[in-house]
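Notebook open, model loaded. I want the overall numbers on paper before I go poking at single helices and side chains.

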Amino acid sequence: MVSGVIRWALYSISMKLFKTFPTLALLKTLPTPALLMWGLPLLLLVPNIALVFTEPHYSWAARAANILLPGGGYMLLASWSRNVGRTALYMLPVMALCAFQIVLLYLYGESIIAIDMFLNVATTNVSEATELLGSLGEAVAVVCALYVPLLVIAVILIVKKRFTTSAERRPVRFAGAVLAVAGIVAAVTAFFLPQGYRPMRELFPMNVCANMVEAAGRTALVRGYFDTSADFSFGAKDTRNESAPEIYVLVIGETSRAENWQLGGYGRDTNPRLGARDGVVYYSRTLTESNTTHKSVPLLMSHLTAKEFGDSIYSVKSVITAFSEGGYRTAWLSNQQRNGQIIDFFGEEADTVDFLTDDGARHFDMELAGTLADVINSTGSRKLFVVLHTYGSHFNYKERYPEESGKYLPDDASEAEAVNRAQLLNAYDNSIRYVDAVLDSVASVLESTGRPAAMLYLSDHGEDIFDDSRGRFLHASPTPTAHQLHVPMLVWLSEAYRGRYPEKYEAALDNAQLDVSSSRSAFHTILSLSGLVAKCYDPEAAVTEECYREPRRMYVNDYNEGVALGVSGLKKQDIALLSEDGISM
């Protein structure tokens, strides 16, 4: 009875699909059992075939194995049972991975589904996901065209009880066995080639399944964070106990790339307010060490280096705790939604925690300046440290600023297509102008107190906006680009601060033309500004110290390994772009 109900439900769904998409009705007339048995392996191999062309670092043998082994396996599975429709439905999880992989290749043009991609899915809120999916109509249409017919055919075969014959299965089994043996030979050969062979990283879908397992393991580590970090302490102390009630603000930007900042030489008027404000020092040669938020923000807020990140991020606390240990009142003010990850846990270290989005409404970043003023007014004479986590220029760019703030028009295209680049760029530049207004307002709030105050701004990562022939869009790709890594960074010091600590301002100016790693310098620079000392404090990483030392360029890859930037996956055009900006590798 249960099986009958299931068959009836599946059949009903198929009929609705036929009514919604009339062209699917043609499938009812096709010789579906044999067609599905041959077609299922072929369509499941689409990502493997694409990866042969997108992954130049694979050896020829690894590429061959990436097609032959899965191809043989799929054919053996398709011919295993006479009920090929049921087999196809069992392969639905593999179809889902194939669809995900195709969408990823559409977005980034290369690489397998990374560990970070699974974590990004887990940490992305519904509104962000809706905005992104709504812009990927072409990619979604492609995967639907590939795999929906397979599922419809499978349903029809199950309901109609149509099966393959032994004679039909025999050649498929033979072909599958031949391909599988050839794949094993190719894989063994790949192990002995100079490039080596790592099937858990190079053989689709085995590599993606391994990445899923790793992502699940990291999620478990996040859940145990409060236990593993409970005993951590910076041992921070304030060396300015007798000074005035100073205020320090760390502003964490979102998806802002340096090439669109007027302060860094961009041709458009994207920084009209900061460009006219005294006390601003801009660092034009700044790179982040991660192109994904759930890594870059913890790097900005902690003392960890790229080399230490993977082993230690689950057992340390953030700069907020350092200021708390130093006697400061602390606040975390965020315009991003909670996601139950390390960033949230760092924020909850503060005395005052305010997520503007907890009310379910959309907020603009400018509200953070008003909330900051409220926190300052309620603090009294106590020293204060505040982190502002903005929504910055996160896609959909048009949604990040009020309509009346849009200078560059038209700006209403939101579909992720290269043909829309001009409008997407208009909207993106408008969002940068709004960031400029927000930062200027924060500086005004601080200046109005008359106290020594400083603001440090850094973006978590940059963004691709169909900038070259690769057609890349967004960020967090498995391999980075110059557009994703080159980020804005600035220090603003109030008049009272510059008067009290002129040596900090002079050092900041002297270091403005040097190479900077935002991930390495954020923690140490904000401590340097405040005069706090801690057992992990490194003055050579602080851009406000005379002894500042330029960093070795590093990148935290998908496996949380700190690697030299040169082996991060950057292409020649990326290295050329960085070189044009005077940034060394």
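Surface came up before anything else: I get about 23,500 Å² of accessible area for the chain, and carbon and sulfur atoms own 60% of it. Note to self: this is a predicted model, so every value here is computed from predicted coordinates.

Next, burial. Of the 585 residues in the chain, 57% count as buried.

Then I looked up secondary structure and got 24 helices plus 15 strands. The radius of gyration is 27 Å, and the globule rule gives 25 Å for 585 residues; those are close, so I'm writing the chain down as being as compact as a globular protein of that length. For the extents, the C-alpha trace spans about 90 × 55 × 50 Å along its principal axes.

I also checked how far along the sequence the contacts reach. Taking contacts between residues at least 6 apart in sequence, 78% of them join residues at least 24 apart.

On to a helix pair. How do the axes of α3 and α4 cross? I have α3 at residues 46-54 and α4 at residues 60-78, with axes that come within 9 Å and cross at roughly 175 degrees. Anything over 145 counts as roughly antiparallel, so α3 goes down as roughly antiparallel to α4. On the α3 side the contact uses N48, I49, L51 and V52, and α4 answers with R63, N66, I67 and P70. Sorting the residues of that contact by type gave me five nonpolar, two polar and one charged.

While on α3, I pulled its buried residues: P47, N48, L51, V52 and T54. What do they pack against? Besides α4, I found α2 (32-44), α6 (92-108) and α9 (137-160).

Last stop was a tyrosine, Y197. I located Y197 in the loop between α10 (166-191) and α11 (199-202). Buried or exposed? Y197 has a relative accessible area of 7%, and buried means under 20%, so Y197 is buried.

Who touches Y197, neighbours within four places in sequence left aside? My contact list reads A62, A65, A187, A190, F191, E202 and L203. I also noted the C-alpha distance from Y197 to S59: 8.1 Å, for two residues that are 138 residues apart along the chain.

Notes:
Residues are numbered from 1 along each chain as its sequence is written. This is a predicted model: local features need pLDDT of at least 70, side-chain atom pairs count only at pLDDT 80 or more; totals for chains, interfaces and linings use all residues. Side-chain values use heavy atoms; hydrogens and water are left out. Axes are lines fitted to C-alpha atoms, for helices over the stretch in contact, and angles run from 0 to 180 degrees between N-to-C directions. Helices (H or I, at least four residues) and strands (E, at least two) are DSSP runs, numbered from the N terminus. Angles under 35 degrees count as roughly parallel, over 145 as roughly antiparallel, 65 to 115 as roughly perpendicular and the rest as oblique. Contact means heavy atoms within 4.5 Å. Ala, Val, Leu, Ile, Met, Phe, Trp, Tyr, Cys and Pro count as nonpolar, Asp, Glu, Lys and Arg as charged, and the others, Gly among them, as polar. The radius of gyration is taken over C-alpha atoms; the globule rule is 2.2 Å times the number of residues to the power 0.38. Buried means under 20% relative accessible area, exposed over 50%, partly exposed in between (1.4 Å probe, protein chains only). Accessible areas come from the Shrake-Rupley method with a 1.4 Å probe; for residues, only the protein chains shown count as cover.
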